[in-house]
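Subject: Structure handover

Hello,

Here is the structure for you to take over. My notes on some of its lysines and salt bridges follow below.

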Amino acid sequence: MNANDMSTSRSKVMFCKRKRTLKKKAEELSKLCGVPVCLICFEPDGTKIDTWPEDKKEVGDILVKYIYILNKDNIDLQLGFMDANNKNQDLVAKEESCKHEEKKKKKKKKVFETWNTRLDYLPEESLHDILKFLEQKAEILEERIMQMAMIRVLAAKSNQCIT
């Protein structure tokens, strides 16, 4: 074994130890402070990604919340550069909109039992994309329903002609 191989081996061992310590600290921070914590570790050679928590869904939920907060902070930062009147008007409108959205969410939660809370943290643009996709699918279904109705009408007429 040459010196370069020994150095690489030591680096891997050191990386594994440090990664284990980071995971332990992330878990402690999460438990002691009651906050969501996410750790994403890339192996030095880039072949593997390791996360804490181990559950990829939990990691995804935390990242979605993080992205939501980043977008929210950007909006707040942009509002800071506006003049005072516009800022106050926008904040009041935003607050009223938030109240209205909260009321809608409460109603939706009652109606849509299968609502995925990860959607609550998506940026508005992503929600619009999802809405467009769903509207396209609804149009396709409506066309299919119309086709089926026409087939039934034609079948009923052909049965009348036979008898």
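Lys12 lies in helix α1. Please keep in mind throughout that this is a predicted model. With a relative accessible area of 53%, Lys12 is exposed, because the cut-off for that class is over 50%. Between the C-alpha atoms of Lys12 and Glu43 there are 9.1 Å in space, and 31 residues in sequence.

Two further lysines of the helix took up most of my time.

Lys19

Helix α1 covers residues 3-33, and Lys19 is placed in that helix. Is Lys19 buried or exposed? Its relative accessible area is 11%, so Lys19 is buried, the limit being under 20%. If neighbours within four places in sequence are set aside, Lys19 is in contact with Cys41, Glu43 and Asp50. With Glu43 there is also a polar contact, side chain to side chain, at 3.1 Å. As for the backbone, the C-alpha atom of Lys19 is 9.8 Å from that of Phe42, a residue 23 places away along the chain.

Lys23

Lys23 is in helix α1 as well. Its relative accessibility is 17%, and Lys23 therefore counts as buried. Not counting residues up to four places away in sequence, Lys23 touches Leu39, Asp50, Thr51, Trp52 and Glu54. Asp50 is thus on the contact list of Lys19 and on that of Lys23. The side chains of Lys23 and Asp50 are joined by a polar contact of 2.6 Å.

Salt bridges

How many salt bridges does the structure hold? The count is 7. I describe some of them here.

One of them is formed by Asp50 and Lys23, with 2.6 Å between the closest N and O atoms. This pair links distant parts of the chain: Asp50 belongs to strand β2 (residues 49-52) and Lys23 to helix α1, and the two are 27 residues apart. Asp50 has a relative accessibility of 10% and so counts as buried. Its partner Lys23, at 17%, is buried too.

A salt bridge also connects the side chains of Lys25 and Glu28, at 3.7 Å from N to O. Why are Lys25 and Glu28 separated by about one helical turn? Because they are 3 residues apart in helix α1. Glu28 has a relative accessible area of 30%, so Glu28 is partly exposed.

In helix α2 (residues 56-80), Lys57 and Asp61 are 4 residues apart, about one turn of the helix. Their side chains meet in a salt bridge, with an N to O distance of 3.3 Å. Lys57 is partly exposed, because its relative accessible area is 46%, a value between the 20% and 50% cut-offs.

Salt bridges with shared partners also join Lys19, Lys23, Glu43, Asp50 and Glu54 into one network. Among these residues, Lys19 has a relative accessible area of 11% and is buried, and Asp50 counts as buried at 10%.

When you open the model, I would begin with Lys23 and Asp50, whose salt bridge runs between helix α1 and strand β2. From there you can go on to Lys19 and its side-chain contact with Glu43.

Regards

How values were computed. Residues are numbered from 1 along each chain as its sequence is written. This is a predicted model: local features need pLDDT of at least 70, side-chain atom pairs count only at pLDDT 80 or more; totals for chains, interfaces and linings use all residues. Side-chain values use heavy atoms; hydrogens and water are left out. Buried means under 20% relative accessible area, exposed over 50%, partly exposed in between (1.4 Å probe, protein chains only). Contact means heavy atoms within 4.5 Å. A polar contact is a pair of N or O atoms within 3.5 Å; within protein, one must be able to donate a hydrogen and the other to accept it, and residues adjacent in sequence count only if both atoms are side-chain atoms. A salt bridge is a side-chain nitrogen of Lys or Arg within 4 Å of a carboxyl oxygen of Asp or Glu.
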